[in-house]
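Morning, everyone. I have one structure to walk through today. Please take a look at it first.

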Amino acid sequence: MATAGLALTACTSAQDPAAEVPAGPPPAAELAAYYNQTLEWTDCGGNECATLAVPKDYADPELGDFEIALLRHKANDNSQGSLVLNPGGPGGSGVDYAAAADAVLTTELTDNFDIVGFDPRGVGKSNPINCLTDAQKDEWLAADGKPDSAAEEEKLVADAAEYGVRCEKNAAGTFEFVSTDAVVKDLDVLRAALGEGQLDYLGKSYGTLIGALYVAEFPDNVGRFVLDGVLPPDLDTAEIGLGQAEGFEDSLRRYVADCQEQDDCPLAKGSVDEGVAQIDAFLDGLAEDPLPTDSDRELTQSLALGSILNYLYFPDFGDWDQLSAGLNDGFAGDGSTLLDMYDERLQRSSNGKYADNSQEAFYAVSCLDRPVDGDPGTLEARAEDWAESAPTFGPYLAWSDVVCAQWPVGPTGTPLEVTAATQTPVLVVSTTHDPATPLAWAQRLSESLPDARLVTYDADGHTAYGNRSGCVDEIVDAYLVDGDVPAQNVSCP
């Protein structure tokens, strides 16, 4: 292995004991140094931080190393071991998520586990991929992502190709090595470095894909696994795109129905169809006439679509109320609120700076993970078809494959049905009306995994654990802390 990556940053802290021998087969000889490395933890704002060395390319470790950023929130009481988290994405920071452990997890977990978050390769503090300047990100997000003419299609295809060119130019040596398959291998190195014979893991959204593929590759090393808000490993990009389009459409209709019962709803008090049509008419108008805002940017159709989509995620935490406020101002001719809302979700500050690289990481990972049929004619036909079941979001999401179709590096992954048996049954969790990861995907994964248990929460919102369901939280906590596996699938009201 390359030696540079093993010079891990350290200050004064106690070292972990030597890693235990992995539960499964021993690692290949060329990976032994990675598996046997000792993490040196330093104080970082009341938590502990370290760096994990992993090979850039597992097929050729001599190419050099990546340094994976870690954060550990020590157990409030006596620790029974490490619980590793991933919050989703691709592009979400596990370091930030673990730093917020007291806010996003129950005290049952923070009392009993050392909570460990990691930024996957290419993300956050782990050799981050940076392809675009902040101004170029603004331009890309505002561009027309729902073309209605040949000229608009041609421009979208050209802009999407340029995105990949910029990644190849500005992130060479990194962007081609960030597949989820590689992240899974990093996760097993992390397990060993933490001194865990088996990995206990909580993955949400995209984190469930990491978890499912870990089960497929390292079944003997799987401890207690919770996969919440399933991104399925066995579907292709078109199937995933259509599932999400229909999921967001369902959530939009449920938002409209709820809004129409409120006194301050900006939508007409008619049928749900009429309310959705009002939103669609607003979006159609933006295609030709973007709205002014209180900044030097206009609210385009794509920015408004992105804002609406992002505020269907967490209704129990105020998203639907904020969406109503944004639409109210938008209908009145002011796009400022919807734009500010979207900026908040994208972590774009008022000075135009983006706080992270999640946009670039999303494409870099996604384009490696699955093959894409992104011929413009195919995408045009797909947009027309998807408009039948998802008129608001279908055409927009149908065109989203245009970037990966022209990515400079070909895909390294393919859809995979995960059927491996594990010592402890996996716990699969979902809300019944999840906009981004539909319930059907959780059902699909739980049926393919031997002895898995499915916990469903009859509610709106993306992911269920920590979504104000005492029923879900108690089941997950009992499983992770005590190993209590539900006797059968459970539905939480």
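Let's start with two rings. Tyr214 and Phe218 are both buried. They form an aromatic pair, and the pair is tilted. Centre to centre, the rings are 5.1 Å apart, with 40° between the planes. Keep in mind that this is a predicted model.

Now a second pair. Phe362 and Tyr363 sit edge-to-face. Their centres are 5.7 Å apart, and the planes are at 80°. Buried or exposed, what is Tyr363? Its relative accessibility is 16%, so Tyr363 counts as buried. The cut-off for buried is under 20%. Phe362 has a relative accessible area of 37%, so Phe362 is partly exposed.

These two rings also belong to a cluster. Ring pairs link them with Trp140, Tyr163, Phe175 and Trp407. The total count comes to 14 aromatic pairs.

Next, helix packing. Back to Tyr214, which is one of the helix 8 residues that meet helix 7. Helix 7 covers residues 180-193, and helix 8 covers 206-217. Their axes are 9 Å apart, at an angle of about 70°. Angles from 65 to 115 degrees count as roughly perpendicular, so helix 7 and helix 8 are roughly perpendicular to each other. What classes of residue make up the contact of helix 7 with helix 8? There are eight nonpolar, one polar and five charged residues. On the helix 7 side, they include Val183, Val184, Leu187 and Arg191. On the helix 8 side, Leu209, Ile210 and Leu213 are among them.

A second helix pair. Helix 11, residues 301-310, crosses helix 13, residues 336-345, at roughly 65°. The axes come within 9 Å. This crossing is left-handed. Leu303, Gly306, Ser307 and Asn310 in helix 11 face a set in helix 13 that includes Leu338, Met341 and Arg345. By class, this contact has five nonpolar, three polar and one charged.

On to helix 17, residues 439-448. Which of its residues are buried? Leu439, Trp441, Ala442, Leu445, Ser446 and Ser448. What covers them includes helix 8 again, along with helix 9 and strands 7, 8 and 9.

Last stop, a glycine. Gly81 lies in the loop between strand 3 and strand 4. Its relative accessible area is 13%, so Gly81 is buried. Beyond its neighbours within four places in sequence, Gly81 is in contact with Asn112, Phe113, Asp114 and Glu196. Asp102 is 21 residues away along the chain from Gly81, and their C-alpha atoms are separated by 17 Å.

Notes:
Residues are numbered from 1 along each chain as its sequence is written. This is a predicted model: local features need pLDDT of at least 70, side-chain atom pairs count only at pLDDT 80 or more; totals for chains, interfaces and linings use all residues. Side-chain values use heavy atoms; hydrogens and water are left out. Axes are lines fitted to C-alpha atoms, for helices over the stretch in contact, and angles run from 0 to 180 degrees between N-to-C directions. Helices (H or I, at least four residues) and strands (E, at least two) are DSSP runs, numbered from the N terminus. Angles under 35 degrees count as roughly parallel, over 145 as roughly antiparallel, 65 to 115 as roughly perpendicular and the rest as oblique. Contact means heavy atoms within 4.5 Å. Ala, Val, Leu, Ile, Met, Phe, Trp, Tyr, Cys and Pro count as nonpolar, Asp, Glu, Lys and Arg as charged, and the others, Gly among them, as polar. A crossing is left-handed if the near helix is turned anticlockwise from the far one by less than a right angle, and right-handed if clockwise. Buried means under 20% relative accessible area, exposed over 50%, partly exposed in between (1.4 Å probe, protein chains only). Rings of Phe, Tyr and Trp (its six-membered ring) pair if their centres lie within 6.5 Å; planes under 30 degrees apart count as stacked, over 60 as edge-to-face and the rest as tilted.
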